[in-house]
Amino acid sequence: MRVFVTGGSGFVGQHLIRRLREEGHTPIALARSERSADIVRGAGADAVNGDLDDLTATGDVTRDPAWLGELSTVDAVVHAAARMEFWGPDEGFRTDNHEPTIALHAAAAKAGVSRFVLISAAGISTGTQRARVVDEGTDDGVSMIAYGRVKLATEHALRDAPTPGMALVILRPPFIWGPGLTTMSDAVAAARKGRWVWIDHGRHTMDFVHVLNLADAIVDSLTRGRDGALYYVTDGAPTSVREFFGALFATQGVDLSRARSIPLWVASPVAAALDGGARLLRRPTAPPLTNWLVANMGRDRAYDISAARSDLGYHPRLTVAEGMRGMTA
């Protein structure tokens with residue numbers, strides 16, 4: 001299959017391109033700069049110069065971007081590009097994420113693409129939804145952050161859009177990890193300075209997905225999955241925050257065993273005060289402790305991947321232990 005990829009120069013995109021090549025597919029990646037073009041070509045994709053901002057929110061062409069013609073030559077689109085931040089107002093994410101996604105989806109349908117795969121986020125349900133185990137039938141509630149709220153609105157918009165002839169599959173990964181994780185260096189640097197703090201000693205359950213397992217799920221979605229369906233995708237091995245991050249940081253030579261811990265009953269009101277104050281003052285950056293951070297570190301949360309197993313034929317082939325060894329290498 002010929003597959004059009006957005007976000008190909010990113011962490012997930014580069015691994016996806018390599019996986020597509022391994023499976024015999026031909027990846028074509030949108031690149032907004034020469035640096036991005038070099039990266040996607042290095043991963044194994046044909047680079048197409050262009051920017052999603054060339055499309056309007058309705059999918060109409062504003063200045064006839066040349067790359068738009070590539071959509072008529074592909075079988076599927078994988079939309080992995082997104083601005084991912086855990087702070088900021090909804091409006092910015094609507095401009096950066098929602099509107100370009102709606103536009104690309106409409107343009108793909110118009111071009112005759114047969115399948116559109118959206119990489120969404122499991123964090124959509126992190127907020128008012130407090131269930132310990134979530135599946136596709138669980139009510140999403142209201143996300144604590146703009147990124148999640150806008151992602152959910154985008155899912156709804158795409159599922160409601162009439163696109164005869166083009167199937168839609170939505171994947172919801174939680175924390176994505178693996179070699180090349182872009183945020184790892186900053187986190188390691190902070191931990192080495194003693195800035196890592198557990199909540200309740202890290203005893204709460206978390207879920208995650210290795211980037212190679214996610215790439216497998218995306219490839220599975222090119223030919224399988226119900227039209228309009230969404231699927232949670234994880235490593236199928238939820239564990240405690242302490243066990244996972246302790247092992248992950250150990251691969252970088254950082255020992256978190258002696259890091260400080262604060263109880264949830266202290267962290268929650270402090271986070272609420274700092275978070276609320278920063279939002280009231282419209283701070284451009286997040287405070288050191290937020291409601292979002294407390295929710296992820298101080299609550300039990302796992303995702304049921306039974307639907308992905310049955311509908312997509314997805315089976316996490318890389319174990320957590322194997323992934324950790326890969327991080328060390």
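Let's start with what lines the largest cavity. Helix H4 gives the largest share of that lining, three residues. Keep in mind that this is a predicted model.

Which elements give two or more residues to this lining? They are helix H3 (90–111), strand S5 (115–119) and helix H4 (146–160). The lining residues are His79, Ala81, Ala82, Asn97, Thr101, Leu118, Ile119, Val150, Lys151 and Thr154. By class, that makes five nonpolar, four polar and one charged. The space inside is about 60 Å³. With a cut-off of 30 Å³ or more, the count is one cavity.

Now the sheet. Strands of a sheet pair through backbone hydrogen bonds, either parallel or antiparallel. Here the pairing is parallel. There are seven strands, and the sheet is open. Read across, the order is S3-S2-S1-S4-S5-S7-S12. Strand S3 (46–49) and strand S12 (229–232) are at the edges. Each has a single partner strand, so one side of each has no neighbour in the sheet. On average, neighbouring strands are turned by 20 degrees against each other, direction ignored.

Look at the S3 edge. Strand S2, residues 26–31, pairs with S3 over four bridges, in the parallel sense. One residue to find there is Ala29, whose bridge partner in S3 is Ala47. Helix H2, residues 34–43, packs on the sheet and touches S2 and S3. Its direction makes about 160 degrees with that of S3.

Last, helix H1, residues 11–22. H1 lies across strand S1 (2–6), S2, S3 and strand S4 (76–79). Against S2, H1 runs at about 160 degrees.

Technical notes:
Residues numbered from 1 in each chain as written. Predicted model: local features only at pLDDT ≥ 70, side-chain atom pairs only at ≥ 80, totals over all residues. Heavy atoms only, no water. Pairing = 2+ DSSP bridges. Axes fitted to C-alpha atoms, helices over the stretch in contact; angles between N-to-C directions. Contact = heavy atoms within 4.5 Å. 1 Å grid on protein atoms, 1.4 Å probe; cavity = no way out; pocket = protein on both sides within 12 Å on 5 of 7 lines; lining within 4 Å. Points joined across faces, edges and corners; volume = space filled by probe spheres on them. Nonpolar A, V, L, I, M, F, W, Y, C, P; charged D, E, K, R; others polar.
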